[in-house]
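Good morning, colleagues. May I ask you to bring up the sequence and the structure, and to keep both in view while I speak.

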Amino acid sequence: MAYHSALCDILVDEAQLEQFALVAKDSAFRHGLLMRTKEDPNSPEVLSYAPFTLFPSPIPKSIYEQAKLLQRDFNLLVEKITQDSKFLEQALASIIKVDHFIARLFEIYRKTLQKGISSPITIGLIRSDYMFLCGEEGVTSLKQIEFNTISVGGGGLASQVPAVHRHILKVAGIHNVNIMDNNCIAILAGAIEKAWSLYGSQGSIIMFLVEDIQMNIYDQRLIENELWSRNIPVIRRRFEDISKRGHLDEEKRLFIDGQEVGLVYYRYGYLPQQYIEKDWEALLMMEQSRAVKCPNIGAHLAGIKKVQQELARPGVLEHFFPGDPEAVSRIRSVFAGLYSLDLGNEGDQALDMAFADPDQFVLKPQREGGGNNIYGDDICHVLSKVEQSLERTAFILMEKIRPQPVRNCILRRGTLLKIQPCINELGMFGVYVRHGTEMTLNEFAGHLLRTKNSEHNDGGLMAGVAALDSPYLV
Ligand code: ADP
Ligand code: MG
Ligand code: MG
């Protein structure tokens with residue numbers, strides 16, 4: 001490590017490692033760092049700990065501070081994109097010709113615009129993810145991997161990690177490491193509470209839109225229980241429930257099972273395989289309702305990777321932040337190389353770059369949740385098939401970030417215990433609420449540090465690759 005030695009290097013023998021791992025796993029149970037199992041994803045009778053690292057990871061203070069400071073900029077940017085239908089239409093024009101899923105989302109967006117936006121309240125619970133590079137003499141640079149605007153997970157569990165790591169360090173006799181507090185649950189729930197109270201109907205409830213298979217339910221429950229503790233009722237429903245039993249009244253209020261829904265919080269609905277035909281009608285009904293949507297369809301579209309690539313074009317950030325060149329340069333400084341593969345010269349050049357040196361790039365389709373990107377020689381295989389056709393516009397090409405590995409030990413159910421080279425990805429949560437033309441909330445909302453074995457190209461907690469981690473600043 002250029003800037004700090006890894007904590008696991010102070011451990012000498014394997015017996016000690018085993019012992020710390022046991023202590024750590026029990027601590028994870030005690031602090032609610034939990035996940036249901038793959039075999040029995042809907043049973044609270046069989047649980048495991050959520051994957052996490054044995055030790056916290058060193059993060060340069062300047063990197064953390066920069067990412068934290070940027071969060072309000074990104075909140076604003078997402079909010080501005082959400083309101084800019086002309087930009088969204090242009091940015092997604094090529095994708096919707098080839099990506100059926102994005103086309104359908106866009107159709108819902110268009111229909112919603114036609115009928116007139118039904119709620120003056122918008123809320124964002126977003127997360128901007130970064131890796132960082134360490135150069136000579138401690139010079140570091142922060143690079144954004146992506147930002148997420150729908151079903152942004154991890155905030156619940158991430159709030160529980162500091163307690164687990166603090167305990168491990170104590171048992172290991174390491175006293176000079178300060179694990180940062182992480183208050184995501186309260187801040188995320190606070191934003192939901194704010195938007196719900198602006199909706200202004202005391203008797204209304206909050207509805208989490210969830211999936212059938214609920215392996216990661218505890219991450220959601222932490223936020224759900226926080227809302228209940230503030231005396232705000234929360235129900236959990238699936239698309240199917242809404243299609244069967246949901247309706248709008250004549251004032252476009254959304255009802256399900258006799259209850260008025262003040263806010264819909266999507267923890268599902270971000271991938272094509274999560275929809276059957278009827279679900280699209282349910283989505284349209286919710287979008288056209290007066291309920292606050294977290295996110296609304298515009299904010300969902302703002303998080304699509306193609307949009308992120310379009311933002312990197314010259315002049316686009318200036319369009320969103322006229323008269324604020326500082327914000328523009330703060331944001332632009334964390335963009336990695338992002339390239340369109342649209343038909344034409346620009347796309348051809350990107351294609352040539354990818355063929356010439358695929359290891360320098362990541363090929364990204366418009367999908368979420370980890371495990372969808374394409375790397376190395378596979379980039380050439382995929383691109384050679386679509387090179388001459390419109391199909392290539394379904395992807396964006398991104399410069400690959402190659403952070404320096406740090407040694408750590410990932411604890412994951414059913415895997416061997418070993419110290420391995422790891423890569424960190426720092427996610428920063430942000431919350432905003434807009435009421436009419438007024439931004440009533442715009443805040444940084446805590447972090448999610450995810451760490452994976454450096455051999456893995458792709459990440460994702462639920463994809464079975466990344467593990468929860470805590471930063472300590474160096
Ligand atoms: P998703 O929406 O599926 O999370 P991401 O763009 O975050 O998509 O990519 C998934 C994972 O792939 C990331 O968590 C990261 O580990 C890896 N990854 C993505 N983009 C890059 C990149 N430009 N450089 C290095 N790794 C990347
Ligand atoms: Mg994503
Ligand atoms: Mg991601």
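Strand S17, residues 406-411, is largely enclosed by the rest of the structure, because five of its six residues are buried. Buried here means that 20 or more other C-beta atoms lie within 10 Å of a residue's own; exposed means 12 or fewer, partly exposed lies in between, and C-beta atoms are placed from the backbone. Strands (E, at least two residues) and helices (H or I, at least four) are DSSP runs, numbered from the N terminus.

I should say at once that this is a predicted model: local features need pLDDT of at least 70, side-chain atom pairs count only at pLDDT 80 or more, and totals for chains, interfaces and linings use all residues. Residues are numbered from 1 along each chain as its sequence is written, and chains are lettered from A and ligands numbered from 1 in the order in which they are written.

What pairs with S17? Strand S3 does so in the antiparallel sense, over two bridges; pairing requires that DSSP finds at least two bridges between the strands. Within this pair, Thr53 has Ile410 of S17 as its bridge partner. S17 is also joined by four bridges to strand S18, residues 419-435, again running antiparallel. There, Arg407 is matched with Pro421 of S18.

Following S3 leads us to Pro56, in the loop between strand S3 (52-53) and strand S4 (57-59). Pro56 is buried, since 26 other C-beta atoms lie within 10 Å. Leaving out residues up to four places away in sequence, Pro56 touches His165, Val177, Ile179, Asp469, Ser470, Pro471 and Tyr472; contact means C-beta atoms, placed from the backbone, within 7 Å. The C-alpha atoms of Pro56 and Val161 are separated by 9.3 Å, although the two residues are 105 apart along the chain.

I turn now to the annotated sites. UniProt, in an unreviewed entry, places the feature "binding site" at Glu146, Asn148 and Glu368. These residues are spread over 223 residues of sequence, yet they cluster in space, with a largest C-alpha distance of 10.3 Å. UniProt positions follow the numbering used here, feature names are shortened, and annotations may be inferred rather than shown by experiment.

Are Glu146 and Asn148 buried or partly exposed? Glu146, in strand S6 (residues 140-148), is partly exposed, because it has 18 other C-beta atoms within 10 Å. Asn148, found in S6 as well, counts as buried, because it has 21 C-beta neighbours inside 10 Å. With residues up to four places away in sequence not counted, Glu146 touches Asp129, Lys305 and Gln308, while Asn148 touches Ile126, Arg127 and Gly303.

Which residues come nearest to ligand 1? Of the 19 residues around ligand 1, they are Glu146, Glu368, Ile401, Asp458 and Gly459; a residue counts as near if its C-beta atom, placed from the backbone, lies within 6 Å. S6, S14 and S16 each supply at least two residues of this shell.

Finally, S14 and S16 belong to an open sheet of four strands, in the order S13-S16-S14-S15, with antiparallel pairing. Its edge strands, each pairing on one side only, are S13 (338-340) and S15 (374-375). Strand S14, residues 361-365, is joined to S15 by two bridges, and Leu363 has Ile374 of S15 as its bridge partner.

Key:
Contact = placed C-beta atoms within 7 Å.
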